[in-house]
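This report describes how strands, helices and internal spaces are arranged in one protein chain. Please keep the sequence and the structure in view while reading.

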Amino acid sequence: MLAASAALLNVDIVFLDVGENSPAKQIVSPRSPSLAHIDGSFVDPEKIKALASKVDILTVEIEHVDTSVLEEIQLAPGAVIHPSPSTVKIIQDKFIQRQHLQSHQCPVSEFLRVESNVASIQQTAETLGLPFMLKSRTLAYDGRGNFVVRDIAQAEEAISALGNRPLYAEKWVAFAKEIAVMVVRSTTGEVRSYPAVETVHKDNICHLVFAPLRSRDPHVAIRAQNVAEAAVKTFQGAGVFGVEMFLMEDGFIYINEIAPRPHNSGHYTIEACETSQYENHLRAILSLPLGSTSLKVPSAAMLNLIGASSNMAEVTNFASECIKTDGCAVHLYGKSECRKGRKMGHVTIVGNSDSEVRSRLRPLLKALPSGSTEELALYAPEAPAQGSGFSHKYPLVGVIMGSDSDLPVMLPAARILDRFKIPYELTIVSAHRTPNRLVEYARSASSRGLRTIIAGAGGAAHLPGMVAALTALPVIGVPVKGSSLDGVDSLHSIVQMPRGIPVATVAINGGMNAGLLAVRILGAGIPHLFADIDTYSRGLEGEVIAKVEKLEEVGWEKYEVKR
């Protein structure tokens, strides 16, 4: 993927990897013999030196390299290595990495050095409590090198599983979500971060990534970016860094670990962002201007294609299913052998909404050799049937009302949203009787993925205005006719919002028009809805013309008005 980005910029790139047809070498053909790729291991000092002799800038794709060789190369006049060998050295030892982060006031959970013996593990259990995470300090990747100690009787099993390597332990963190932020740093120290994403791991390997991160906390995504950027600023050198974090129930964020390279949690950026993590890595190490890290689509998901067995047909068959899916880009890595647990490729799904992305993801999860019904229910649930009376899990529109007595007025809005296949939620939020619920609903609306809110209220009708004061989303107010004043009081209340707090207002009991206005608002970001509105409008015209013709046919004395 780095090679593909380099080719588009006419950047000559030489790879050190085993075999003449390793994945990266399949992408770029050397322009001259002097740019020939090198056949060898990335841990072979002589091969690393041979690579360095061919290039102006040396960069790494994996941190498990011999940093002493990189440090030796760096001493040569004109040698440029990114990220810095000192950064790679810190990060490749996870215990030293955490010490480094802790010394720079970055949020990490409690951790301890552990000796490879039962007594040390017992002492760790007494200090950190059970369960705790026992980790290999070095050569740990994709969950290999982790062992959850739930009972002290597992001590010998843990030591054996981790291969008697240097160990350390982390206090168990009962996180709400695993999240990640890709950060790019230039040679001048400029730092930009990509949107925070949710990551889902399966068998300790990244399985799914959802962008952007959705949360009821409207500030958590910005906090995650701030934490990630602050951490990356503590290291030396340029390039892309993957910062994996734990989001706690109370909103606190811990750093789990950092990768000094393009990362699995950033693969979605190829299709979903204005500049991919790979192009930005090149820009950073080449001292070119950093590219925009903004999303260019409203929603995206990345699904890793992990080998389920040695059968390569499982991979190719799954890829064949993927290319049938709208908005799905397939990346197969060209690896010659499939193995259980090996990353063979990934797919990225983009769409106009979270709902659309999840619906496109659903058949792919079904087609996975290792898929499950539990996984479908969690990450790509079936959308509720139109008219079922149940809210969508990934709504674009929130339909709220101050009381259940307002439901008959708000149902026409729901019917319109059903007609245009707009995912929505419908619930009761009282401005006066549930003020805390109102505040939480309004403030979390945007960060949950909503794009507009329809709020119906009678009487004093404070609900639409209060919601509009607490969210940047457009709010459509529906005055509800009450037992007195025929709803004029509600209408006057909603339209008389103070300067700076706009509420679009429809007629008294105008739920249907509120739904139509919501569709038109969404059309600014989902263009096909404008065509759907045109079709709907032509249908209204057709209804009127039919009535004209019927009136002329039977005369007005015999014409029956349908109620």
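Which strands does helix 6 lie across? Helix 6, residues 94-103, lies across strand 5, strand 6 and strand 8. Its direction runs at about 145 degrees to strand 5. The model examined here is a predicted one.

**The antiparallel sheet of four strands**

Strands 5, 8, 6 and 7 form an open sheet in the order 5-8-6-7, and the pairing is antiparallel. Strand 5 (111-114) and strand 7 (146-149) each have a single partner strand, so one side of each is left without a neighbour in the sheet. From one strand to the next, the twist averages 25 degrees.

In general, the strands of a sheet pair through backbone hydrogen bonds, either parallel or antiparallel. Here, strand 6 (residues 132-136) pairs with strand 7 in the antiparallel sense over 4 bridges. Within strand 7, Val-149 is the residue that stands opposite Phe-132.

Helix 7, residues 118-128, also lies across strand 5, strand 6 and strand 8. The angle between helix 7 and strand 5 is about 170 degrees.

**The parallel sheet of five strands**

A further open sheet has 5 strands in the order 19-18-20-21-22, with parallel pairing. At its edges stand strand 19 (424-428) and strand 22 (504-505); each has a single partner strand, so one side of each is left without a neighbour in the sheet. Strand 18, residues 397-401, pairs with strand 19 in the parallel sense over 5 bridges. Tyr-424 in strand 19 stands opposite Val-397.

Two helices pack on this sheet. Helix 15 (residues 407-419) touches strand 18, strand 19, strand 20 (452-458) and strand 21 (475-480). The direction of helix 15 makes about 170 degrees with that of strand 18. Helix 19 (residues 511-523) touches strand 18, strand 20, strand 21 and strand 22, and its direction makes about 175 degrees with that of strand 21.

**Helices packed against each other**

The following table sets out two helix pairs.

| Helix pair | Angle | Axes apart | Crossing |
|---|---|---|---|
| Helix 15 and helix 19 | about 35 degrees | 6 Å | right-handed |
| Helix 3 (residues 45-54) and helix 4 (residues 67-74) | about 35 degrees | 10 Å | right-handed |

Which residues make the contact between helix 15 and helix 19? Helix 15 contributes Val-409, Pro-412, Ala-413, Ile-416 and Leu-417, while helix 19 contributes Gly-511, Met-512, Gly-515, Leu-516, Ala-518 and Val-519. By class, this contact of helix 15 with helix 19 has 9 nonpolar, 2 polar and no charged residues.

In the other pair, Pro-45, Ile-48, Lys-49 and Ala-52 of helix 3 meet Val-69, Leu-70, Glu-72 and Ile-73 of helix 4. The contact of helix 3 with helix 4 has 6 nonpolar, no polar and 2 charged residues.

**Strands 9, 11 and 12**

Strand 9 (residues 177-185) and strand 11 (residues 197-202) run antiparallel and are joined by 3 bridges. Val-197 in strand 11 is the bridge partner of Ala-180. Strand 11 also pairs with strand 12 (residues 205-211), in the antiparallel sense, over 5 bridges. Thr-199 has Val-209 in strand 12 as its bridge partner.

How many residues lie between strand 11 and strand 12 in their hairpin? There are 2 residues between them, and Asp-203 in the turn has a positive phi of about 55 degrees.

**Cavities**

Rolling a probe the size of a water molecule over the atoms shows where empty space is left. For this model, the count comes to 3 cavities of 30 Å³ or more.

The largest cavity holds about 60 Å³ of space. Residues lining the largest cavity include Arg-214, Pro-298, Ser-353, Asp-354, Tyr-394, Leu-396, Arg-448 and Arg-451. Its lining divides into 4 nonpolar, 4 polar and 4 charged residues.

The second largest cavity has a volume of about 40 Å³. Leu-305, Ile-306, Gly-307, Ala-308, Glu-314, Val-315 and Pro-369 line the second largest cavity. Strand 15 (299-306) and helix 12 (312-322) are the elements that give two or more residues to this lining. By class, the lining of the second largest cavity has 5 nonpolar, 1 polar and 1 charged residues.

Note on methods. Residues numbered from 1 in each chain as written. Predicted model: local features only at pLDDT ≥ 70, side-chain atom pairs only at ≥ 80, totals over all residues. Heavy atoms only, no water. 1 Å grid on protein atoms, 1.4 Å probe; cavity = no way out; pocket = protein on both sides within 12 Å on 5 of 7 lines; lining within 4 Å. Points joined across faces, edges and corners; volume = space filled by probe spheres on them. Nonpolar A, V, L, I, M, F, W, Y, C, P; charged D, E, K, R; others polar. Pairing = 2+ DSSP bridges. Contact = heavy atoms within 4.5 Å. Axes fitted to C-alpha atoms, helices over the stretch in contact; angles between N-to-C directions. Left-handed = near helix turned anticlockwise from the far one by under 90°.
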